[in-house]
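I opened my notebook to go through a new structure piece by piece. Here is what I looked up, in the order I got to it.

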Amino acid sequence: MKVLITGASGMLGTDMVAEFHRRGFAVAAMDRNSLDITVLEQVRRVVGDISPRIIVNCAAYTDVDKAESEPFKAYLVNGLGPRNLALACAEIGASLVQISSDYVFDGRLNRPWGVYDYPRPQNVYGASKLWGERAVLDLLKSSYLIRTSWLFGLGGKNFVFKMLALGRSGKPIKVVNDQFGRPTYTEDLARAVADLVQTRCYGVYHVTNQNLTTWFKFAELIFIKCCQDVELIPCSTRDFKCNARRPGYTVLDPFPLQETIGYLLPRWEDALDRYLAKIRGA
Ligand SMILES: NC(=O)c1ccc[n+]([C@@H]2O[C@H](COP(=O)([O-])OP(=O)(O)OC[C@H]3O[C@@H](n4cnc5c(N)ncnc54)[C@H](OP(=O)(O)O)[C@@H]3O)[C@@H](O)[C@H]2O)c1
């Protein structure tokens, strides 16, 4: 079966390509040069030529702070891009996996966010991802909308990578301790996506590793596991200046993932072990 993966050289895209290859799919791995999802004519032509059964959209504008100063770019890639892919899928009868974000929620609940909860983004990035979600759901019945959070994986400048780089500077590091979420390993997410697309149970899913944490606790465990002695200073969101507002609590409730693919993802701490082992071996 043919699958087309956009954003194939990004962090999630890299693992998505590997996962579908491993399962014997014919994979058309498209980076931005081979397929710019913001150009409708190009999307129609490439999708028409390849004629995949499934498209997995891993392409996105992911710089949350920069999006505040260049909203047009964020809306173009995260909103218009998925719209273009949904239109092209509808034209050839393909299904679409759209990856979205916990940042579509405002973070003001004190229980995990369900797929049935109402999104209310707090920043431009979240709003652009929400537009992408709605475009896909409006245009294509055969779509899987997958919200995930706090990704780490190979080939990406993720939080683990940033912490290890900062740790090498030998200076104390301030880390936010009042934002709660679920870190997620791209390898585990890719496996769940590949299982989900076999079910034909289209709809909205929350796919993250299990257990919740804060950025500070996440950083603490990274340095413990890497045996690095780094001075970490917990701080509040208010004390940590950045351009985009960050929601406080974006823990995602996985229901009905287990009911659909038969399992939940492993705990993020286990995923971190596997990721660090992979980096060390790389
Ligand atoms: N990272 C997280 O913590 C996180 C959390 C929640 C949800 N997500 C979602 O998960 C998905 C994957 O994120 P990621 O962290 O793997 O992102 P990433 O590493 O930034 O990869 C995104 C890829 O999209 C490509 N791209 C950008 N604009 C494009 C365009 N117009 N046409 C085609 N490709 C384009 C980028 O190419 P260039 O490098 O050339 O720009 C890059 O390879 C995204 O939907 C993101 O919103 C991420």
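The entries below go from the sheet to the helices, then to the ligand and a few odd spots.

**Entry 1: what kind of model**

I noted before anything else that this is a predicted model. I kept that in mind for the rest of the page.

**Entry 2: the sheet**

I started with the strands. In which order do the six strands of the open sheet run? I read the order as β2-β1-β3-β4-β5-β10, with parallel pairing. At the edges I found β2 and β10, each of which pairs on one side only. From one strand to the next, the twist averages 20°.

A reminder I scribbled in the margin: strands of a sheet pair through backbone hydrogen bonds, and the pairing is either parallel or antiparallel.

**Entry 3: strand by strand**

I went through the pairs next. β1 (residues 2-6) and β2 (residues 26-30) are parallel and share five bridges. Here Lys-2 has Ala-26 of β2 as its bridge partner.

On to β1 and β3: these two are parallel as well, joined by four bridges. I found Val-3 opposite Ile-54 of β3, and Thr-6 opposite Asn-57 of β3. Ile-54 turned up again when I looked towards β4, where it stands opposite Ser-95. β3 and β4 are held in the parallel sense by four bridges.

Then I checked how covered these strands are. In β1, four of the five residues are buried. For β3 (residues 54-57) I looked at each side: Ile-54 and Val-56 are on one, Ile-55 and Asn-57 are on the other, and all of them are buried. Both faces of β3 are covered, then.

**Entry 4: helices on the sheet**

Which strands does α1 touch where it packs on the sheet? I got β1, β2, β3 and β4. The direction of α1 makes about 170° with that of β1. α6 packs on the sheet too, touching β3, β4, β5 and β10. Its direction makes about 160° with that of β5.

**Entry 5: two helices together**

Two packed helices are described by the angle between their axes and the distance between the axes. I looked both up for α5 (residues 159-168) and α7 (residues 215-225): the angle is about 65° and the axes are 10 Å apart. The crossing is right-handed.

From α5, the residues in this contact are Phe-159, Val-160, Met-163, Leu-164 and Gly-167. They meet Trp-215, Phe-218, Ala-219, Ile-222 and Phe-223 of α7. Sorted by class, I have nine nonpolar residues, one polar and no charged ones in the contact.

**Entry 6: around the ligand**

How many residues surround the ligand? I wrote down 27, and the closest are Gly-7, Gly-10, Met-11, Ala-59 and Ala-60. α1 (11-22), α3 (71-92) and β4 (95-101) each supply at least two residues of this shell. The largest share, three residues, comes from α1. So far α1 has come up twice in my notes: on the sheet and around the ligand. By class, the shell has twelve nonpolar, twelve polar and three charged residues.

**Entry 7: odd backbone spots**

Most residues other than glycine have a negative phi, and most peptide bonds are trans. I went looking for exceptions.

Ser-51 has a phi near 50°, a positive value. I located Ser-51 in the loop between α2 (40-50) and β3. Buried or exposed? Ser-51 is exposed, because I find 12 other C-beta atoms within 10 Å, and 12 or fewer counts as exposed.

Arg-200 is not a glycine either, yet its phi is positive at about 60°. Arg-200 is in the loop between α6 (186-199) and β10 (203-206). With 9 other C-beta atoms within 10 Å, Arg-200 is exposed.

One peptide bond went on the list: the bond joining Phe-255 and Pro-256 is cis, with omega about 10°. Pro-256 is in the loop between β12 (232-235) and α8 (257-261).

**Entry 8: a buried loop residue**

Last, I looked at Val-104, in the loop between β4 and α4 (124-139). Why does Val-104 count as buried? It has 26 C-beta neighbours inside 10 Å, and 20 or more makes a residue buried.

Leaving out residues up to four places away in sequence, Val-104 touches Pro-119, Pro-121, Gly-126, Lys-129, Leu-130, Glu-133 and Arg-147. Arg-147 is 43 residues from Val-104 along the chain, while their C-alpha atoms are separated by 8.8 Å.

Definitions and conventions: Residues are numbered from 1 along each chain as its sequence is written. This is a predicted model: local features need pLDDT of at least 70, side-chain atom pairs count only at pLDDT 80 or more; totals for chains, interfaces and linings use all residues. A residue is near a molecule or strand if its C-beta atom, placed from the backbone, lies within 6 Å of it. Ala, Val, Leu, Ile, Met, Phe, Trp, Tyr, Cys and Pro count as nonpolar, Asp, Glu, Lys and Arg as charged, and the others, Gly among them, as polar. Axes are lines fitted to C-alpha atoms, for helices over the stretch in contact, and angles run from 0 to 180 degrees between N-to-C directions. A crossing is left-handed if the near helix is turned anticlockwise from the far one by less than a right angle, and right-handed if clockwise. Two residues are in contact if their C-beta atoms, placed from the backbone, lie within 7 Å. Two strands pair if DSSP finds at least two bridges between them.
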